Structure formats: C-alpha cells, structure tokens
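Let's take a walk through this model together, starting from a single pair of residues and working outwards. Keep the 3D view open as you read.

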Amino acid sequence: MMTEPNVNPEQSGARDADRLGPRPLARPAVDPAQAAVFGRPQGVDGAFDKLYTPQKTNGVNLAPPAPESLAEAFRRPPGAEGVLLERPREATGEPAQADPPLWHSTSDPWRDPGAGAVLAGPAVPADDEEKPARRPPGALLSLPEVLFGRRVQPKALVLLGVVALLIGAAGGFVGWWVGDTGSALTGSATISEAEVGKERPAGSVAAIAKRVAPAVVSLEVFKPGAESGEQGSGVMIDPQGYILTNEHVIASAAADPGVKVTAVFIDGTRTEAKLVGADQKTDLAVVKVNVTNPTVLQIGKSADLQVGDTVMAIGSPLALQNSVTAGIVSALNRPITAGGDNGAPPVTYEAIQTDAAINHGNSGGALVDSTGALVGINSSIRSSGADGGSIGIGFAIPSDYAVKIAKALIKDGKVQHADIGINASSTVAGSSTMGAQVKNVAPGGPAANAGIKEGDVITKVGNRLVRDSAELTVAVRAHDVGEVVPVQLARDGASFVVDVTLASD
C-alpha cells in the first residue's frame, strides 16, 4: 500500500510562484456582418435554439411526437389496439402445435436421411398401371385452313399472293433505286467503251512488228567469269542460222577467242553463236547459231527507198529486247564516218538516215520498210550530251551493200574492198572546187598508174559526185576490185577525167 508523500505548504507555495500563468486568450474582433449571418438569434443563449419544451411526467422527459408521415406509415392498423407481437404460447400455457415432418417413409422415402443407398429399377411405369388411352389421329388441315380457318376462297388466296408479289417487287425496285442513286459524290459511272476491237490491217506497224520481231535476236557478248559484257542486236538472214550484225557488237569476240556470243530469241531461247567473219572497214559481221527452222527476215532493196518512206527499227536498245520504233527515211546515200571502238580506226560507210529512235543496243538490228522487208542494218546515231541518247538522227547500212558483205563473209570469212591508192582530205571552205584533195599517192598504186598527183582534187568517181573525203571512200568501195572507173579531177583550174583500175585494199 502506497501513501502520499508529505508536502510542506511553504515548499508548495514556492513552486506555484515559479510557474507561469496561462496566456490570455486572443479574441479577435467579430465582423458585424458575419455575426448577423452566423450568430445566435437575438435573445437566444446557449449552443442550440430550443424549438420545443419537453413534457415532464413524473420527472421523466418524454420525446416529442413523431412526424405525421412516420406515424401513418408505422402505426397499428385500425382495430388492432393490442400489442404488436403475439405473446408466446409458453406464457399463456397453451400447448404448442407440432410442425409437419419434412419427410414420411410412405409418401417420400427418399427424404429419409437415414435411408440406405440402393439401386432402383428403370424409370418406366409398372405393367399393372393403367396407360392413358391413345387419341385417334384426326384429319390434317390444309394451309388455307391453318391460316384462315376455312374462311377464304382459293381465288381470294391467289389474288392475295399476286398482291404480295407486286408489293415485294415495288419495294425491291425502290431499294435498288435508292442504292444506285447514292449520294452526290457516289453512284454508277457511265464509261464509254469501244464496241469494235482495234483494227490492225496487214500493213500496220503492229502487224509488221508481229511478223518481223521473231527474226531479230539479241546478242550478248561476254567473257566467262566477267561481271559485265556487251549487248547488241542481230538479224536472221538465212535458214541455216546465219545472223547479220555490226562488227563493233562482236569486236571483243573477234579479238579474243575466249569471249562468248549468245543469241537470245524472242521466246527466250538462248543459244551460243559462233563467229563466221567480221569486217571492221564496213562495220559488218556474221555469226551462226545451230537452230532448226528459224524465222528468217526477207531482204528488201534499199535502192528503191525514197526520202519520206516509212521505216521501223527493231532491236534491243539499252538491253530492252525486241523494242520497236517507227519513223521515216530522212536522207539517202549519207556518207558517215563513225569513230572506231577501243582504239579501232574510224569507219566510213554510206548510210540511210532515219528519225526512228535508235539507241545503244540497237546496233546490228533491223531497219525494215512498210512491207516488213530488211532495208538496212542499224549502226550508229548522232547524239548530244554525255548520255549519248537518241535525238532523232540515226543511221543504217543499206541492205544492198550489207547483204553483199555478208555473202563474202559467209563464203570466205573476209572481205576485199576496192581501193584507189591515195590519201585524201576534204577541201577547205572557200576553195574554188569542192571535192577530196589528194594528199599523197601510193607508189605503183591505181591512182599513180592513172596519173593522179598530189594536190589534185577529185570531184567525181564514176557517176557519183565527190564533195569530201568520206564520199570518195564510199564512191570507190561501191565498185568491185579490178573494175575500171572514170575519175574526174581538177588541177590548176582545169578539169579532166582519167581511168583508174581499182585494186584491193
């Protein structure tokens, strides 16, 4: 048991004197406006306003009466003035009524919680049980009887069906019209189509191209193991497989036996081509392929061409096989000097000028007339710029001369050209005479034997006018070796003619 310690009153007073008193409460001034809104009503004291005065009965404060709505909802029903709950029977002494059992062994043995589990028989009625009598089948009803209870005549039913069909057709038409009309931006387009197919007469470009293209092949020249090669075109001129092309297309194969030449036909067939012969001076060559029944191009006469005639160029420009372009003959007998490839000397030949588009890869391809006959071998172009593309000026070797060279190559593998035995250059502008001026004469040559001297100006060979050195070359080569040709000269203002027996180069 603990006892309170004795405290000296003097000591207690000393300790109370040392303690600080409570701080004064800070009571801020009350805003009169807020006091008027949130303050107590005038004359009311305390925390809350007393809205009622509780009744006191024998010192007990009674609760206020319930609201009328709650009293109406929860009061006793009329005539029930007793207690709300029935007093228990134990309080009154009356015997309690027993509830009926949840199960009975005779009425529902399955509800017996103590019953054992046994297998029962099939759920079929016993034989002694009475089966309900089967009702005999009645007469079957027809569709009108089911739908209309035998109150509609067949004619009316047919008429009803017709009306239903008409209504359905009208609804379908309205739906189709709405769907077909669409909005302002949608609907059915009325596109004009040609009723008759495109007509391609026998002489049309399409008909000629279809007939001629199988005779033009693409030539691929490459060395096995090399990453790239050269490509050009060729023309099948003989059923035995001879293909005429340009010499500059197969120049690498002529210089190196290890270079292979492959011919690619229009149907994609590829076969090796063997070199028969090549002539650098005329830029023509012949290769041969081992094929059966090839398509051969008919040879036309280039001498029958006239300026303005329609021609077509067929070949593989820029490796685009079997390309066809069309144009006209722009000029005939045009002397052309083309630079040789890979350091080879320039090539001079008499050409057909055309505006049909010719590009790199067209070389060796066919130039055909409006009948589809071969009239030239595409050889060179004039171009501007570094790209070297076509500007509408292309040249082809006339078929008359090309076939002549091809026959010589097929026969002997080489060609002999007529030669006059001089070197010449074109006369300068302002000269009194236009032609090929002789620079030097080969000793013992045809020109020297005919009395032609250095400084003479040749103006005509045979029936061909000579206006520059290129025309002199093509004019001489137009004749055969050993042929005697009249040559017209200009010397010291005088003009005279000498006979020259052409030799071989």
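A good place to begin is Val 311, whose bridge partner in strand β10 is Gly 327. Please keep in mind that this is a predicted model. That bridge belongs to a longer stretch of pairing: strand β9, residues 310-315, and strand β10, residues 323-338, run antiparallel and are joined by 6 bridges. Two helices pack on the sheet that these strands belong to. Helix α7, residues 205-212, touches β9, β10 and β12 (366-368), and the direction of α7 makes about 40° with that of β9. Helix α11, residues 469-477, touches β10 and β11 (347-354), with its direction at about 95° to that of β11.

Now follow the strands around. In the order β9-β10-β11-β14-β13-β12, 6 strands close into a barrel with antiparallel pairing. From one strand to the next, the twist averages 50°.

There is another barrel to visit. This closed barrel has 6 strands too, running β3-β4-β5-β8-β7-β6, and the pairing is again antiparallel. Neighbouring strands here are turned by 40° against each other on average, direction ignored. For a closer look, pick out strand β6 (residues 260-264) and strand β7 (residues 270-279), an antiparallel pair joined by 4 bridges. One contact to click on is Thr 262, which has Glu 272 of β7 as its bridge partner. A helix accompanies this barrel as well: α9, residues 399-412, lies across β5 (242-245), β7 and β8 (284-289). The direction of α9 is at about 55° to β8.

Let's leave the strands and turn to a helical part of the chain. An unreviewed UniProt entry lists residues 157-178 as "transmembrane region". What does the model show there? Over residues 157-178 the chain is 100% helix and 0% strand, and the C-alpha atoms at the two ends are 32 Å apart.

How many aromatic pairs does a search of the whole structure find? The search gives 1. The rings are those of Phe 173 and Trp 176, with centres 5.9 Å apart. Why is this pair called tilted? The ring planes meet at 35°, so the pair is neither stacked, which needs under 30 degrees, nor edge-to-face, which needs over 60. Both residues sit in helix α6 (residues 154-181), where they are 3 residues apart, about one turn of the helix. Are Phe 173 and Trp 176 buried or exposed? Both are exposed.

Key:
Residues numbered from 1 in each chain as written. Predicted model: local features only at pLDDT ≥ 70, side-chain atom pairs only at ≥ 80, totals over all residues. Heavy atoms only, no water. Pairing = 2+ DSSP bridges. Axes fitted to C-alpha atoms, helices over the stretch in contact; angles between N-to-C directions. Contact = heavy atoms within 4.5 Å. UniProt positions renumbered as here; feature names shortened; annotations may be inferred. Phe/Tyr/Trp six-rings, centres within 6.5 Å; stacked < 30°, edge-to-face > 60°. Buried < 20%, exposed > 50% of the residue type's maximum accessible area, 1.4 Å probe, protein only.
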